Amino acid sequence: MVKYVLSCILILTFVTLYLGYKRNSHGLFQQIMNLHVVSILFNVIYFFAAEQLSLERDFLLYLPFAFLYGPVLYFAAQAVSGKILSPRKIMAHLTPFLLGIVFYILRCLYPVWLDASWLRHTHHTLKTLTLLFYALYILFFSHQKNKEVYHAQWKLIQRLGFLTLIGSVIYVIFAYSNIVHGNNGNSGDASPVSGFLYLILLTSVLLVFRYTINGFMSIGADKDDPEMEPKEGEVKRYQKSMLSETLLDRYEQNLYALMIQQMVFLDPELSLQTLAKELKIPKHHLTQLLSLRLGENFYHYVNRFRIDYACKLINQSVVDLTLEELAYKSGFNSKTSFNRYFKKQLGCTPSEYRNL
């Protein structure tokens with residue numbers, strides 16, 4: 001069973017990285033998620049190699065990857081919040097992982113010298129505390145500091161943080177049963193607890209895969225197409241609908257509040273259906289509201305808010321953002337669509353607007 005889980009992880013990892021490459025997305029968040037997937041890939045490859053070489057499970061417990069998962073999620077949360085980390089802070093968060101690599105190499109070279117009980121307990125306690133610290137930070141603290149985040153990206157971070165929290169608890173059980181009780185069998189004797197750890201890794205890759213493929217499939221969905229404009233016959237049909245003016249007024253107010261207060265337009269995966277769910281109204285009611293009352297299609301309406309937000313970023317930014325970074329921070333899936341809508345709305349390109 002474990003072999004099948006690990007095989008699925010390997011396949012999904014390569015597919016996710018391939019889709020991320022084909023998506024041609026150089027956004028910082030996507031790059032961090034790729035790093036997360038790559039770390040899982042190396043972890044799984046080592047599991048396979050350890051199984052073939054029949055290494056003791058004790059060596060698997062000292063793998064340093066657990067020191068990397070937390071910082072990667074922290075970097076992702078900072079990227080979504082638009083914060084720029086200094087190289088010193090990045091190195092500070094990566095220090096436990098780098099020390100873990102050194103310790104693991106020394107543990108493999110000199111297993112007898114580094115086999116003290118207190119050293120084992122200290123190492124695995126630090127690993128567990130690191131996972132718990134980052135998981136709790138992601139779940140309970142980071143989102144409160146900055147509300148202007150991409151919904152799809154933040155949901156991914158929250159889910160990965162929850163998995164990290166579960167993984168830390170499972171790791172405690174795994175380490176306790178294999179170290180405290182001295183159950184150091186070979187890696188082929190996979191316990192149910194280690195199986196749960198594999199499932200945690202598989203679920204993490206699945207979540208990143210789902211996010212990547214959704215973004216990959218949504219590219220080009222927001223193209224400025226004449227067919228996207230409300231059609232005359234469609235407007236006339238909606239005018240004969242049973243929606244009252246009072247109901248349309250309430251829909252319009254709720255929609256505007258959703259855009260201003262929750263800033264759902266920053267979600268690059270926002271669609272007509274998901275927006276209707278946020279408003280808790282039928283999808284065809286939202287279509288009627290946009291076509292009949294506002295005279296716009298979904299993409300034109302949402303992208304107006306995105307362009308306004310991009311202008312605020314340009315005016316308020318201390319550090320000049322690249323056009324691609326500006327596009328992703330404003331909720332667009334690509335720099336091309338960002339440039340197109342920006343010029344259509346303001347009559348100039350983002351670069352020209354920045355130089356005004």
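Is Cys-8 buried, partly exposed or exposed, and what is its relative accessibility? In this predicted model, Cys-8 has a relative accessibility of 39%, and because partly exposed covers the range between 20% and 50%, Cys-8 counts as partly exposed.

**View 1. Two cysteines, Cys-8 and Cys-108.** Like Cys-8, which is partly exposed, Cys-108 is partly exposed, with a relative accessible area of 33%. A disulfide is a covalent bond between the sulfur atoms of two cysteines. The structure holds zero disulfides.

**View 2. A nonpolar surface patch that includes Leu-109.** Val-102, Ile-105, Leu-106, Leu-109, Tyr-110, Val-112 and Trp-113 together make a nonpolar patch of about 770 Å² on the surface. Leu-109 belongs to helix α5, which runs over residues 87–109, and with a relative accessible area of 57% it is exposed, because that value is over 50%.

**View 3. The largest nonpolar core, with Met-259 among its residues.** This core has 39 residues, and those with the most contacts inside it are Leu-255, Met-259, Leu-275 and Leu-286. Helices that each supply at least two residues of the core include α11 (245–262), α12 (272–279) and α13 (283–294), while α14 gives the most, with 11 residues. Leaving aside residues up to four places away in sequence, Met-259 touches Val-264, Phe-265, Leu-275, Tyr-301, Val-302 and Phe-305.

**View 4. Another core, lying apart from the largest one.** This other core has 32 residues, among them Phe-67, Leu-94, Ile-138 and Leu-207. In soluble globular proteins, nonpolar side chains tend to be buried together.

Definitions and conventions: Residues are numbered from 1 along each chain as its sequence is written. This is a predicted model: local features need pLDDT of at least 70, side-chain atom pairs count only at pLDDT 80 or more; totals for chains, interfaces and linings use all residues. Side-chain values use heavy atoms; hydrogens and water are left out. Patches are made of residues with over 30% relative accessible area and no salt bridge: like charges are joined within 9 Å, nonpolar side chains (Val, Leu, Ile, Met, Phe, Trp, Tyr) within 5 Å. Accessible areas come from the Shrake-Rupley method with a 1.4 Å probe; for residues, only the protein chains shown count as cover. A salt bridge is a side-chain nitrogen of Lys or Arg within 4 Å of a carboxyl oxygen of Asp or Glu. Helices (H or I, at least four residues) and strands (E, at least two) are DSSP runs, numbered from the N terminus. Buried means under 20% relative accessible area, exposed over 50%, partly exposed in between (1.4 Å probe, protein chains only). A disulfide is a pair of cysteine sulfur atoms within 2.5 Å. A nonpolar core is a set of buried Ala, Val, Leu, Ile, Met, Phe, Trp, Tyr and Cys residues joined through side-chain atoms within 4.5 Å. Contact means heavy atoms within 4.5 Å.
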